[in-house]
Amino acid sequence: MSKVNQVENLTPDVMFDGGDLDCGSGLILLIRESMLKVPVGGILEMRSSEPTVAGDLPPWCRMVGHEYLGRMDEDRFVRYFVRRGEKAAGQEEKNLRQDKQRAREYEWRVRTRSTGRLKSTVYCRNFSWHVGQPASFEEKDDYPSSVEYLLGALGGALATGYAMECARDGLEMDDIEITVRGKLHNVLVQVGLEEGDPSFSSIELKCFASTLDDEDAARAAWERTVSRSPLAATLAKAVELKIKFGIV
């Protein structure tokens, strides 16, 4: 009997949707937490739309003592089946606590060097990118300003986060677009022409989502996205952050 036929006949004890998460960004924590609800010898079904899970999940199961049973491909996601191992049962709760503690203590680090006129380079993990002036009025520059990176980071965090929330809820989005506008109290302080407050006075963000799915569910997913965003939560404490959402 083929692997596909084998998993087609399985009845999972617990099912959860991992959405777009990969194993390095929280999925393993969710798997461990869901596995605690499965009896020893029982089956967990995990649904995922992240391609890298296919290569990462089987060796993780072998490492921790669960049995990887196979996968079944659907149109928009893959169903993975895992049998809870007896040897792993006693360690599952302890491992989950340890994983949560490591996640809480995780520290993000970047290194930045001045690498040219009006240019710095940021190095982080396997990435590097160039940053221009702290703020710029020019129509065109060689590199985005720091102000633009901050606004772009906020928009990118919410766009990606919202797509992940929608995927986990089974909501199909045709398009997600976010615009972000920001004003400073006094940008002339930054260039040394005046004294005063150079901070942001306001940031306005608008999300436009295109979907034929349930609008209330789409709006609820957006509200969760905003409430879970580290950047949105941090900026909201420091500046007037206006966030709007619309279905188009």
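The expected span of a helix is 1.5 Å times one less than its number of residues, and helices (H or I, at least four residues) and strands (E, at least two) are DSSP runs numbered from the N terminus. The structure above is a predicted model, in which local features need pLDDT of at least 70 and side-chain atom pairs count only at pLDDT 80 or more, while totals for chains, interfaces and linings use all residues. Residues are numbered from 1 along each chain as its sequence is written, and side-chain values use heavy atoms, with hydrogens and water left out.

**Exercise 1. Spans of three helices**

Task: Compare the end-to-end reach of α5, α6 and α2 with the expected span at 1.5 Å a residue.

Solution:
- Step 1. Start with α5: its 23 residues reach 33 Å from first C-alpha to last, close to the expected 33 Å.
- Step 2. Go on to α6 (residues 215–227), where 13 residues reach 18 Å, close to the 18 Å expected.
- Step 3. Finish with α2 (residues 23–35), which also has 13 residues, but whose end C-alpha atoms are only 15 Å apart, short of the 18 Å of a straight helix.

**Exercise 2. The two sides of α6**

Task: Find which residues of α6 are buried and which exposed residues its other face carries.

Solution:
- Step 1. Apply the cut-offs: buried means under 20% relative accessible area, exposed over 50%, and partly exposed in between (1.4 Å probe, protein chains only).
- Step 2. The buried residues of α6 are Ala218, Ala221, Trp222 and Thr225.
- Step 3. Looking down the axis of α6, these residues fall within an arc of 100°, so they line one face of the helix. The arc is that of the directions from the helix axis to the C-beta atoms.
- Step 4. Turned away from this buried side are the exposed residues Asp216, Glu223 and Ser227.
- Step 5. The cover over the buried residues of α6 includes α5 (146–168), β8 (175–184), β9 (200–210) and β10 (240–247), with contact meaning heavy atoms within 4.5 Å.
- Step 6. At the N-terminal end, Asp214 caps α6 through a side-chain oxygen 3.2 Å from the backbone nitrogen of Asp216.

**Exercise 3. α5 and its neighbours**

Task: Describe how α5 packs against α7, and then place Cys166.

Solution:
- Step 1. Helix α7 (residues 230–238) packs with α5 at an angle of about 130°, and the axes are 8 Å apart. Axes are lines fitted to C-alpha atoms, for helices over the stretch in contact, and angles run from 0 to 180 degrees between N-to-C directions.
- Step 2. Classify the angle: under 35 degrees is roughly parallel, over 145 roughly antiparallel, 65 to 115 roughly perpendicular, and the rest oblique. α5 and α7 are therefore oblique to each other.
- Step 3. Identify the partners: Leu150, Ala153, Leu154 and Ala157 in α5 meet Leu231, Ala232 and Leu235 in α7.
- Step 4. Turn to Cys166, which is in helix α5 and counts as buried at 1% relative accessibility.
- Step 5. Leaving out residues up to four places away in sequence, Cys166 touches Leu171, Met173 and Ala221.
- Step 6. Cys166 and Ala217 are 51 residues apart in sequence, yet their C-alpha atoms are 8.7 Å apart in space.

**Exercise 4. Two buried polar side chains**

Task: Locate His66 and Arg79, and list polar contacts of their side chains.

Solution:
- Step 1. Recall that a polar contact is a pair of N or O atoms within 3.5 Å; within protein, one must be able to donate a hydrogen and the other to accept it, and residues adjacent in sequence count only if both atoms are side-chain atoms.
- Step 2. His66 lies in the loop between α3 (53–64) and β3 (67–73) and is buried, with a relative accessible area of 6%.
- Step 3. The side chain of His66 makes a 2.7 Å polar contact with that of Glu92, and a polar atom of the His66 side chain lies 3.0 Å from the backbone nitrogen of Gly85.
- Step 4. Arg79 lies in strand β4 (residues 78–83) and counts as buried at 16% relative accessibility.
- Step 5. The side chains of Arg79 and Glu45 are joined by a polar contact of 2.7 Å.

**Exercise 5. Positive phi in loops**

Task: Which phi values do Leu118 and Arg125 take, and are they buried, partly exposed or exposed?

Solution:
- Step 1. Leu118, in the loop between β5 (111–116) and β6 (119–124), has a positive phi of about 55° although it is not a glycine.
- Step 2. Leu118 counts as partly exposed at 45% relative accessibility.
- Step 3. Arg125, in the loop between β6 and β7 (127–131), has a positive phi near 50° and counts as exposed at 71% relative accessibility.
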